[in-house]
Amino acid sequence: MTDERLKIHSFASRQAQGTLAEDVYAGLMAKPKSLPPKYFYDAVGSALFDVITLLPEYYPTRAEAEILENFADEIVAAVAGEKVLLELGSGSATKTRVLIEAILKTQNELLFIPNDISPTVLEESSRVLLQMYANLSVEAYAADYFTALENFKLDEEKRVLALFLGSNIGNFTYEEARKLMTIWRKSLKPGDCVLLGTDLKKDFQVLIDAYDDPTLVTAAFNLNLLARLNRELDADFDLRAFRHLAIYNEAEGRVEMHLESLTTQRVNLEKINLKIDLAAGETIHTENSYKFNHEDLTHLAAVSGFELRQSWFDSEKRFASNLFQAV
C-alpha cells in the first residue's frame with residue numbers, strides 16, 4: 001500500500017548490528033558490567049513489555065494514559081497557534097492518539113513526526129494512524145533519539161508540540177538527560193514545547209513492586225536481554241544461572257535493574273570474540289529508571305534551555321506530564 005501522506009526517513013539500519021556488538025563489548029568489559037536498556041526491545045522484549053504495562057503493580061502506563069485522557073485538550077490549548085506534533089520513541093503511538101484527536105479539534109490538518117529505532121514498528125504504526133485520521137500526514141524518522149533530533153526538518157511557521165512519553169527520560173543519567181534536552185532545544189524555536197512524561201518519587205516499595213512483579217514477567221523481560229545476545233551474537237548465556245534483581249538507589253533517586261549471576265561462570269560471545277568471567281553474586285546492570293520531583297524538573301528545564309510551564313498529574317499523583325517551553 002502506498003500513501004502520499006506518509007514519508008519515512010531511515011537511519012536506523014546503517015550500523016545496527018555493529019552498534020549492538022560495540023555496545024555489548026564495551027558494557028561487558030566495563031567495571032561494573034552493564035548492558036544498554038535500548039536492546040531490551042526486540043520482538044520478544046517488546047511483547048513482554050506490553051504485558052508488563054497490564055500488570056497491577058506497574059502503574060506508570062495507566063497513570064500517564066489517565067493524564068492524557070483527562071487533560072489532552074488543556075495540554076493542546078497551552079501551546080498557542082497551529083501545531084505540528086513530534087514524538088521521540090513513538091512505538092505504537094497508542095497514547096499519542098488522544099493528543100492527535102485533541103489537536104484536530106482545533107485545526108483542519110496535522111503533520112505528525114514520529115521517531116522510533118525500528119523502521120518496521122514505525123511504518124506499521126504510521127499506517128494505522130493514517131487509516132484512522134484522514135486529515136493526518138506522517139513524516140517519520142527511523143533512528144536513535146540523537147540522530148533523529150539532528151535530522152528533523154521542522155516547519156518554521158508552525159508551533160511544535162513534541163512528546164517524550166512513558167518516563168523514557170528516566171532511563172538516562174542526569175548528564176545524558178541534560179544532553180538530550182539541550183540537543184532537543186537546538187532543534188526548536190522559542191515558544192515550541194516538549195511534553196515530558198516523568199515518574200515521580202514515592203514510597204520505595206511501590207517502586208520496587210513495579211519493577212519486580214510476583215508473576216515474574218519483568219524478570220523474563222530482563223533475562224530476554226541475555227537471550228537476545230545468545231541469538232544475535234552467538235553467546236552462550238545460561239539464563240537459569242542468572243536472576244532478575246530490582247533495587248531502589250535512594251541516593252541517586254532511581255530504580256536499578258540488574259541480572260545477578262547465581263554461580264561462578266564463564267560466558268563466550270562468539271561473534272564479538274569475547275569471553276567474560278562472572279563471580280557468584282556479580283551483576284550486570286541493565287537499566288536505571290530515575291524518579292523526579294518538582295525541583296528536579298525545574299532544574300532540568302533551566303539547564304537545557306527550557307522553562308517548566310505546567311505539570312499535570314494522575315489522580316494518585318504518581319506520574320506527571322510536564323510542559324517544557326523553549327526559551
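The questions and answers below concern a predicted model and take up its open sheet, several helices and a few loop residues.

Q: Which strands stand at the edges of the open sheet in the order E7-E8-E11?
A: Three strands make up this open sheet, in the order E7-E8-E11, and their pairing is antiparallel. Each edge strand has a single partner strand, so one side of each is left without a neighbour in the sheet. From one strand to the next the twist averages 20°. The strands at the edges are E7 (242-249) and E11 (283-290).

Q: Which residue of E11 stands opposite His 258?
A: Strand E8, residues 254-261, runs antiparallel to E11 and is joined to that strand by seven bridges. Within E11, the residue standing opposite His 258 is His 285.

Q: At about what angle does helix H9 run to E8?
A: Two helices can be placed against the strands, and one of them, H8 (residues 204-211), packs on the sheet with contacts to E7, E8 and E11, its direction making about 155° with that of E7. Helix H9 (residues 217-233) lies across E7, E8 and E11, and its angle to E8 is about 60°.

Q: At which residue does H9 bend?
A: H9 has 17 residues and spans 24 Å from its first C-alpha to its last, close to the 24 Å expected at 1.5 Å a residue. The helix is mostly covered, with 13 of its 17 residues buried, and it is followed by Asp 234, which has a positive phi near 50°. The bend in H9, of about 30°, is at Asn 224.

Q: Are H2 and H9 roughly parallel or roughly antiparallel to each other?
A: The contact between these helices brings Val 44, Gly 45, Leu 48, Phe 49, Val 51 and Ile 52 of H2 against H9 residues including Phe 221, Asn 224 and Arg 231. Helix H2 (residues 43-52) packs with H9 at an angle of about 175°, their axes lying 9 Å apart. Because angles over 145 degrees count as roughly antiparallel, H2 and H9 are roughly antiparallel.

Q: By about how many degrees does H3 bend at Phe 71?
A: H3 has 18 residues and reaches 24 Å from its first C-alpha to its last, close to the 26 Å expected at 1.5 Å a residue. Its buried residues include Ile 67, Leu 68 and Ala 72, and what covers the buried residues includes E2, helix H4 (96-104) and strands E6 (193-199), E12 (306-313) and E13 (319-326). At Phe 71 the helix bends by about 70°.

Q: Is Ala 78 buried or exposed?
A: Ala 78 is placed in the loop between helix H3 (60-77) and strand E2 (83-87). Leaving aside neighbours within four places in sequence, Ala 78 is in contact with Arg 309, Trp 312 and Leu 323. Its relative accessible area is 17%, and since under 20% is the cut-off for burial, Ala 78 is buried.

Q: What is the relative accessible area of Ala 93?
A: Ala 93 lies in the loop between E2 and H4, and its phi is positive, near 55°, in a residue other than glycine. The residue is buried, and its relative accessible area is 4%.

Q: Which proline is joined to Lys 31 by a cis peptide bond?
A: The proline is found in the loop between helix H1 (16-29) and H2. The bond from Lys 31 is cis, with omega about -5°, and the residue it joins is Pro 32.

Conventions
Residues numbered from 1 in each chain as written. Predicted model: local features only at pLDDT ≥ 70, side-chain atom pairs only at ≥ 80, totals over all residues. Heavy atoms only, no water. Pairing = 2+ DSSP bridges. Helix = DSSP H or I, 4+ residues; strand = E, 2+ residues; numbered from the N terminus. Axes fitted to C-alpha atoms, helices over the stretch in contact; angles between N-to-C directions. Contact = heavy atoms within 4.5 Å. Expected span 1.5 Å × (residues − 1). Bend = angle between axes of the 7 residues up to and from the residue. Buried < 20%, exposed > 50% of the residue type's maximum accessible area, 1.4 Å probe, protein only. Parallel < 35°, antiparallel > 145°, perpendicular 65-115°, else oblique.
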